[in-house]
Structure formats: C-alpha cells, structure tokens
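Trainee: Could you take me through one part of this model up close? I'd like to look at the place where the two domains meet, and then at whatever else is worth a stop along the chain.

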Amino acid sequence: MIETIRWDGDAVVMIDQTRLPAEENYVRCASYLEVADAIRRMIIRGAPAIGVAAAMGVAIGVAQARPESLDEDFERICAELAATRPTAVNLFWGIDRMKRVYRAHRHLPFGQLRDRLIAEAKLVREEDIAINEAIGKNGASLVPDGKTVLTHCNAGTLATAGYGTALGVIRAAVEAGRKIDVFADETRPFLQGARLTVWELQHDGIAATLITDNMAGHFLKSGRIGCVVVGADRIAANGDVANKIGTYGVAVLAKENNVPFYVAAPISTLDLSIPDGGHIPIEERAASEVTHVFGVRVAPEGTAVCNPAFDVTPNRYVTAIITERGVARTPYLESLAALTAK
Ligand code: MRU
C-alpha cells in the first residue's frame, strides 16, 4: 500500500501530494509548524489524512515544547494546527482527541506525557486504516457488478492513512470479485482526480478512466455508471454533505438519471453539532489555483476569481452514507445519530 503519512522517530513523513504523479517525493516535517504548513499547502490533504497529520503535529509540538510553559505551548500548537484548513471536521476531531489525552495525562512527568501523546497519534493513524477497511466491507455490496463507478476528487489511500473511504469501497468491491471499472472526475482546480485518484488506482491495477468534470452528466445519462461513490469533509446532523467542489453538481445529475449517489466517510467526519450544511465553513483558496495550471497563466491578468474548495450536497441527493459502523439512509437525523451512539 502507498504510505501517505507515518511517524518516523522524531518527525512526521508524508508523501508530497502536490508533486504527484510526476514525482514520488517524501517530505519530512520536523516541527509542528512544518506539519501545519504541509496541511495548508496540501502536501497532505483529504479529511482523514489531515486529521492524522494534525494529531501527529500536536505530538511533535509537545515533544519540542518547553516543560516550564507546557500548557501555554500546547494551546499555541493546537491553535496553529486548527487554523490550517476550516472545512474538514476531521482536523478538529484529531486535535480534540489529542487534547483529551493531554488533559488526562497532564499530571505525568514530561517524558511520559510526550510518549503517551506520540502513542496516541500513531494509534489515530492505525485506527484510520482499520476504519477504512470496515467502510469498504460495509459498502462493497452496494456497488453494482459489471458497471462503472464514478468518483470525484480523491478519497483514497492518499486522502487517509490508508485504503481510502470512497476508493476503499471500490477496492473492497473489487476484492469481493465485482467486475467494475472507475471513472475519475479530474477535479478542477487542484486536479486531485487526474493527479491522485488515477495514479492510485493504476498502482492497484484497478481500471480507471479520466474524464473532465463537465463530462460527468453525459456519462451519468448514458447508463454506463452503476453508482457514484465520493468521500466527505463534514457531514451535518441532517445528512447534508460537504465535499470537494463539484460534488453537488454530480449528485444532482446522479439523481436526475436515477444513479445511486453514495458517500463513504468515517464517523469522525460527522458533525452532529450542526443541524445542516448551511453551518459548514467553506474554505476559499488562492485565486492562482484557478488562473494558473501548473504555474502557467490560463486567464488574463486581473481576472476576478472565486475559488471555494468545497460545496454542500443537500441530503435529498444522498442515497446512503457508508460508515465503519454501518450504512445510514434517510431520515439521516435519526440514522446518523443511531450510528454515532453505537
Ligand atoms: O481539498 P482536499 O483535497 O483536502 O479535499 C478532499 C476531499 O474533498 C475528499 O473528497 C474528502 O476529504 C474525503 S477524503 C477520504
């Protein structure tokens, strides 16, 4: 399996997703500030992966903190990591989990507290892989045999600690013997589909075809697509789903053409504190991601640009939400609450 992120003695090592597929380069983050910078610059990206990175960032930050001002340093480390990206709730989930461990073990000598936090961060990573395998198992039977699965963005190994959520469902379906292939939306402007999803599926020998985002409707109408499976960055209590920009359009087109639209995500992506998707903060990224493609300007100087990195798909377009604890269907208010309570 491709290694997205790992703890390496005194540093966090991650595959540089800004350089794929041209270069398989690994970045070594030796401080929490370097981890925060890697999340911000999308060297590591994808909701579960940035949750793991944030947990490891907290651990590395504490390991380098001054024991005499530990509480103050801890708050600063957590605040810096929390300020990197606003939409994926897994980031905050990862930090909160480390905060709970910090508080529970604050009384210990510094070395023991540090080791406890490092162990927790490693556990977050290991658990994420197991969670994704469970999501895959729960979703595999939903994937129709002999058809094409459409996905948007990258919700694979690269977006998690391993195996992936949406791509985890696809992997599990293939492992279960389903004869399927995958259509990957290129996912402008950051091209996660073209650069990452196709690369990852090729790595695993799963047949993948790249399409541009504006081709999705054409193929959804054609009868070729058996289902859509995407990941999520935050899911509100009512089942509204924030995911990569463009997901909403795919969901509407799927419903129009009677194609099931599945969201695969861990319980840590649920945010039951918000009633609906209108409360999800949407990250706005740099205009240069839209005006430039690989450093080459494709729009005139001075072009006004909007670049929301995510959109919200209303729950009525979501056929089911596949989690490690089971599959939720409408009414989501009840089904998601029941899965969380499990
Ligand atoms: O901006 P990104 O690349 O971090 O956005 C990633 C997505 O939108 C993914 O679909 C989502 O995080 C789910 S990843 C399992």
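Mentor: Start with R85 and E283: their side chains form a salt bridge, with the closest N and O atoms 2.9 Å apart. Keep in mind that we're looking at a predicted model. Across the interface of domain 1 and domain 2, the count is 1 salt bridge. Polar contacts add to the picture, with 17 residue pairs found across that interface.

Which helices supply the side of domain 1 that touches domain 2? Helix 2 (47-63), helix 4 (89-105) and helix 5 (110-140) each bring at least two residues to it. Helix 5 gives the most, with 6 residues. Sort that side of domain 1 by residue type and you get 15 nonpolar, 6 polar and 9 charged residues.

Now step back to the two parts themselves. The domain assignment puts domain 1 at 5-133 and domain 2 at 141-340. The contact takes 30 residues from domain 1 and 32 residues from domain 2. Measure from centre to centre on the C-alpha atoms, and the two domains lie 25 Å apart.

As for how big the interface is, people often quote the accessible area lost when the parts come together. Here domain 1 and domain 2 bury about 2600 Å² between them, and 58% of that is on carbon and sulfur atoms. On the domain 1 side, the residues that lose the most area to domain 2 are R45, T87 and N132, which together make up 24% of what that side buries.

R45 and R85 bring us to the ligand, since both are listed among the closest of the 19 residues that surround it, along with D233, N243 and K244. R85, the salt-bridge partner of E283, also has a polar side-chain atom 2.8 Å from an oxygen atom of the ligand. With D233, an N or O atom of the side chain is 2.7 Å from a ligand oxygen. A47 uses its backbone instead: an N or O atom there lies 2.8 Å from an oxygen atom of the ligand.

Next along the chain from E283 is E284, in the loop between strand 11 (270-271) and helix 10 (288-291). What does E284 touch, once its neighbours within four places in sequence are left aside? The list is C306, N307 and P308. With N307, you can pick out the atoms: its backbone nitrogen lies 2.5 Å from a polar atom of the E284 side chain. For a sense of distance, the C-alpha atoms of E284 and I118 are separated by 32 Å, and their positions lie 166 residues apart along the chain.

Back to salt bridges for a moment. By the rule used here, the count comes to 24. One of the pairs is R125 with E3, whose side chains meet at 3.4 Å, N to O. R125 lies in helix 5 and E3 in the segment before strand 1 (5-8), so this pair ties together parts that are 122 residues apart in sequence.

Last, some backbone oddities. Most residues other than glycine have a negative phi, and most peptide bonds are trans. Against that background, look at the bond joining L20 and P21, which is cis with omega about 0°. P21 sits in the loop between strand 2 (11-15) and strand 3 (26-29). The bond from R188 to P189 is cis too, with omega near 0°, and P189 is in the loop between strand 5 (181-185) and helix 7 (192-204). L191 is found in that loop between strand 5 and helix 7 as well, and its phi is near 65°, a positive value in a residue that isn't glycine.

Key. Residues numbered from 1 in each chain as written. Predicted model: local features only at pLDDT ≥ 70, side-chain atom pairs only at ≥ 80, totals over all residues. Heavy atoms only, no water. Domains from an automatic or database assignment. Contact = heavy atoms within 4.5 Å. Buried area = accessible area lost by both parts, 1.4 Å probe. Salt bridge = Lys/Arg side-chain N within 4 Å of Asp/Glu carboxyl O. Polar contact = N/O pair within 3.5 Å; in protein donor to acceptor, adjacent residues only side chain to side chain. Helix = DSSP H or I, 4+ residues; strand = E, 2+ residues; numbered from the N terminus. Nonpolar A, V, L, I, M, F, W, Y, C, P; charged D, E, K, R; others polar. Near = heavy atom within 4 Å.
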